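Student: I'd like a close look at one small part of this protein, and then at how that part fits into everything around it. Can you walk me through it in one go?

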Amino acid sequence: MKYELLALFPLTGTEEEMKARAVKLEERISAAGGAVHASMTLQKGPLAFPIAKVRQGYYHIIQFEMETSAVAEFRSALLLSGEVLRFTVSNVKGDFKTFTPSAPKAAPVRAPRQT
């Protein structure tokens with residue numbers, strides 16, 4: 001089956017350390033019997049709310065294939081490892097889509113109040 005993993009790492013190191021964490025996560029997928037198809041850093045920046053006293057994060061997405069029976073074990077191992085703050089694994093129907101990050105949206109311009 002095809003899956004996408006969205007992981008949130010704590011932004012507590014250098015850029016190289018963040019990339020090393022992502023590579024380690026890909027290796028963990030391979031060790032669990034999966035095959036990584038694509039991987040991409042989405043963004044880094046402040047979180048909407050603090051998680052475990054961490055205020056900034058590094059989002060990374062990985063597309064992979066893995067047997068359905070191995071996914072539950074992979075999720076529990078990832079949860080227990082403490083490598084990521086939060087993560088989600090979702091099933092992909094059909095083909096994998098190409099990553100295209102969108103530009104941040106600008107705040108709407110408000111007209112001045114008339115009195």
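Student: Where does Ala72 lie?

Tutor: Ala72 lies in helix 2. One caveat up front: this is a predicted model, so read everything below as computed from that prediction.

Let's start with the residue itself. Ala72 counts as exposed because its relative accessibility is 52%, and the cut-off for exposed is over 50%. Ala72 has company out there: Ser69, Glu73, Leu79 and Leu80 are exposed on that side of helix 2 too. Two leucines, Leu79 and Leu80, are on that exposed list along with Ser69 and Glu73. There is also a distance to look at: Ala72 and Val89 are 17 residues apart in sequence, with their C-alpha atoms 9.8 Å apart in space.

Now turn the helix around. Ala70, Val71, Phe74 and Leu78 are the buried residues of helix 2. Those buried residues take up an arc of only 105° around the axis, which puts them on the same side of helix 2. What do they pack against? Strand 1, helix 1, strand 3 and strand 4 are the partners of these buried residues. As for the helix as a whole, its 14 residues should span 20 Å at 1.5 Å a residue, and the end C-alpha atoms are 20 Å apart, which agrees. Just past the end of helix 2, Gly82 has a positive phi of about 75°.

What is the helix sitting on? The model has an open sheet of 4 strands, paired antiparallel in the order 2-3-1-4. Strand 2 (35–51) and strand 4 (86–92) are the edge strands, each pairing on one side only. From one strand to the next, the twist averages 20°. Here's a handy rule when you look at it: in a regular strand the side chains alternate between the two faces of the sheet.

A couple of the strand pairings are worth tracing. Strand 2 and strand 3 are antiparallel and joined by 11 bridges. These two strands make a hairpin with 2 residues between them, and Ala52 in that turn has a positive phi of about 50°. Partway along, Lys44 has Tyr58 of strand 3 as its bridge partner. At the other end of the order, strand 1 pairs with strand 4 over 7 bridges, again antiparallel, and Glu4 stands opposite Ser90 in strand 4. Helix 2 packs on this sheet, touching strand 1, strand 3 and strand 4, and its direction makes about 170° with that of strand 4.

Helix 1 is the other helix to compare. Running from residue 15 to residue 31, helix 1 lies across strand 1, strand 2 and strand 3, at about 35° to strand 3. Helix 1 has 17 residues and reaches 24 Å from first C-alpha to last, close to the 24 Å expected at 1.5 Å a residue. Its buried residues are Met18, Ala22, Leu25 and Ile29. Down the axis of helix 1, the buried residues fall within an arc of 55°, so they line one face of the helix. Glu16, Glu27 and Ala31 are exposed on the other side of helix 1. Helix 2 comes back into the story here: along with strand 1, strand 2 and strand 3, helix 2 is among what covers the buried residues of helix 1. Just after helix 1, Gly33 takes a positive phi of about 95°.

Last stop, the rings, because one of them belongs to helix 2. Counting rings whose centres lie within 6.5 Å as a pair, the model has 3 aromatic pairs. One is Phe9 with Tyr58, a tilted pair with 6.1 Å between centres and 45° between planes. That pair links distant parts of the chain, from Phe9 in strand 1 to Tyr58 in strand 3, 49 residues apart. Phe9 and Tyr58 are both buried. Another pair is Phe64 with Phe74, edge-to-face at 6.0 Å centre to centre and 65° between the planes. This one ties strand 3, where Phe64 sits, to Phe74 in helix 2, 10 residues apart. Phe64 and Phe74 are both buried as well, and ring pairs join them with Tyr3 into a cluster.

So, back where we began: Ala72 is exposed, while Phe74 in that helix is buried.

Definitions and conventions
Residues are numbered from 1 along each chain as its sequence is written. This is a predicted model: local features need pLDDT of at least 70, side-chain atom pairs count only at pLDDT 80 or more; totals for chains, interfaces and linings use all residues. Side-chain values use heavy atoms; hydrogens and water are left out. Rings of Phe, Tyr and Trp (its six-membered ring) pair if their centres lie within 6.5 Å; planes under 30 degrees apart count as stacked, over 60 as edge-to-face and the rest as tilted. Buried means under 20% relative accessible area, exposed over 50%, partly exposed in between (1.4 Å probe, protein chains only). Two strands pair if DSSP finds at least two bridges between them. Axes are lines fitted to C-alpha atoms, for helices over the stretch in contact, and angles run from 0 to 180 degrees between N-to-C directions. Contact means heavy atoms within 4.5 Å. The expected span of a helix is 1.5 Å times one less than its number of residues. The arc is that of the directions from the helix axis to the C-beta atoms.
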